[in-house]
Amino acid sequence: MDFGEDTLEVGGLTLTGATRGGIATSLRVPEFGLLFDVGVPMAGQLRHSRILVSHGHQDHLGGLPYLLSQRHLARQKPADVHVPVEIVDPLGRIFDAWAEIEDFRMEMRLHGHQPGDVVPVRKGLEAVALRSDHRVPSLAWVVRRVTRRLKPEYAGLEGPQIHAMRKDGVEVTEAHVEPLLCVTGDTRIELFDREPLVRQSKVLVHEVTSWDDRRDVEHTRQWGHTHVDELLERLDRFEGEALVLVHRSARHSRAQAEQVVAERFPASMRDKVHVFGH
Ligand SMILES: [Zn+2]
């Protein structure tokens with residue numbers, strides 16, 4: 001089956017995978033070693049052992065049991081699977097049932113998360129969970145780089161002076177946080193309105209399920225999704241470098257979405273906007 005797989009290099013990152021509304025979503029970002037959602041099995045997924053899940057709808061998570069069994073066959077270590085805390089118990093029951101059917105238990109490290117939770121990715125890189133706004137418990141994920149920088153008030157000091165202050169127990173540095181990537185998962189536009197981290201992310205992968213009025217704003221909202229009209233109204237609030245639009249419903253071709261971008265998005269924004277998925 002063709003899930004419209006695509007690859008986009010943007011903002012120093014490679015986004016690769018597929019994301020079509022109601023069909024399948026799974027996106028890999030090799031630079032971070034992260035996999036976002038596992039709607040279906042897809043090439044390359046085995047390379048990443050940390051999986052950040054937005055919500056439990058099958059087109060985002062239905063491929064997880066198969067992926068975990070493939071990891072076992074390849075003798076890989078158990079994956080770390082990060083999910084909304086609300087689905088930990090039902091997922092446990094699903095995996096209990098698989099264990100009974102297969103007479104074998106697939107190993108994974110399942111982590112349930114609430115909004116605000118932080119997942120360490122590697123030194124200086126972490127993912128934070130935000131509450132997105134869908135029909136079931138859901139999380140958006142922001143990957144951010146955290147570095148320590150000298151506090152501005154100490155900027156003029158020489159090395160030995162800073163060293164002496166450190167010795168005296170003075171905290172001379174402060175955290176500097178850069179949101180590099182946000183993957184919204186399925187959400188209404190409220191996430192964008194509510195969360196500065198989303199709007200500030202260097203690369204924002206935002207869902208736009210509806211691209212015309214075959215399903216209008218109200219109808220799109222009922223299903224917990226975003227209509228292109230809603231994003232258009234707020235484009236000037238996006239502070240990042242690239243806006244990657246994903247999760248197009250099967251009603252819309254890539255060509256149609258690109259035409260909407262060309263005709264309706266302001267010229268000043270068009271270079272930043274990417275339609276993802278074939
Ligand atoms: Zn969904």
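# Getting to know a predicted model

Biologist: Let's start with one residue: is Met42 buried or exposed?
Modeller: Keep in mind that we're looking at a predicted model. Around Met42 there are 20 other C-beta atoms within 10 Å. A residue counts as buried at 20 or more, so Met42 is buried.

Biologist: Where does Met42 sit, and which residues does it touch, leaving out those up to four places away in sequence?
Modeller: Look in the loop between β4 (34-36) and β5 (50-52). With residues up to four places away set aside, Met42 touches Glu5, Gly17, Ala18 and Ser26.
One of those contacts, Gly17, is 25 residues from Met42 along the chain. So the place is the β4-β5 loop, and the residues touched are Glu5, Gly17, Ala18 and Ser26.

Biologist: What separates the C-alpha atoms of Met42 and Gly17?
Modeller: Along the chain, Met42 and Gly17 are 25 residues apart. In space, their C-alpha atoms are separated by 7.4 Å.

Biologist: Which strands stand at the edges of the sheet that holds β1 to β7?
Modeller: Seven strands make up this open sheet, in the order β1-β2-β3-β4-β5-β6-β7, with mixed pairing. An edge strand has a single partner, so one of its sides is left without a neighbour in the sheet. That is the case for β1 (6-10) and β7 (108-113).

Biologist: And by how much are neighbouring strands of that sheet turned against each other on average?
Modeller: Ignore which way each strand runs and just compare neighbours. On average, they are turned by 20°.

Biologist: At the β1 edge, which residue in β2 stands opposite Thr7?
Modeller: β1 and strand β2 (residues 13-20) run antiparallel, joined by five bridges. They form a hairpin with two residues between the strands, where Gly11 takes a positive phi near 55°. Opposite Thr7, in β2, stands Thr16.

Biologist: At the β7 edge, which residue is the bridge partner of Pro84?
Modeller: Strand β6 (residues 79-84) pairs with β7 in the parallel sense, over six bridges. In β7, Pro84 has as its bridge partner His113.

Biologist: Now the sheet that starts with β8: which strands stand at its edges?
Modeller: This one is also an open sheet of seven strands with mixed pairing, ordered β8-β9-β10-β11-β12-β13-β14. Two strands have a single partner each, so one side of each lacks a neighbour in the sheet. They are β8 (118-122) and β14 (273-275).

Biologist: Which helix packs on this sheet?
Modeller: The twist averages 30° from one strand to the next. The helix touches β13 (242-246) and β14, and its direction makes about 165° with that of β14. It covers residues 254-264 and is called α9.

Biologist: Which residue in β9 stands opposite Val119?
Modeller: β8 and strand β9 (residues 125-131) run antiparallel and are joined by four bridges. They form a hairpin with two residues between them, and Gly124 in the turn has a positive phi of about 80°. Pro120 has Glu126 as its bridge partner in β9, while Val119 stands opposite Ala127.

Biologist: Over to the helices: which residues of α2 are buried?
Modeller: Helix α2 runs over residues 64-73. Its buried residues pack against α1 (58-61), β6 and β7. The ones to look for are Leu64, Leu67 and Leu68.

Biologist: What arc do those buried residues cover around the axis of α2?
Modeller: In an α-helix there are 3.6 residues a turn, so residues three or four places apart point the same way. The buried residues of α2 lie on the same side of the helix. The arc they cover is only 95°.

Biologist: How many residues of α3 are buried?
Modeller: Helix α3 (residues 88-102) has 15 residues and reaches 21 Å from its first C-alpha to its last. It lies largely in the open, because the number of its residues that are buried is zero.

Biologist: Stepping back, what is the radius of gyration of the protein chain?
Modeller: The chain has ten helices and 14 strands. For 278 residues the globule rule gives 19 Å, and the chain's value is close to that, so it is as compact as a globular protein of that length. The radius of gyration is 21 Å.

How values were computed:
Residues are numbered from 1 along each chain as its sequence is written. This is a predicted model: local features need pLDDT of at least 70, side-chain atom pairs count only at pLDDT 80 or more; totals for chains, interfaces and linings use all residues. Two strands pair if DSSP finds at least two bridges between them. Axes are lines fitted to C-alpha atoms, for helices over the stretch in contact, and angles run from 0 to 180 degrees between N-to-C directions. A residue is buried if 20 or more other C-beta atoms lie within 10 Å of its own, exposed if 12 or fewer, and partly exposed in between; C-beta atoms are placed from the backbone. Two residues are in contact if their C-beta atoms, placed from the backbone, lie within 7 Å. The radius of gyration is taken over C-alpha atoms; the globule rule is 2.2 Å times the number of residues to the power 0.38. The expected span of a helix is 1.5 Å times one less than its number of residues. The arc is that of the directions from the helix axis to the C-beta atoms.
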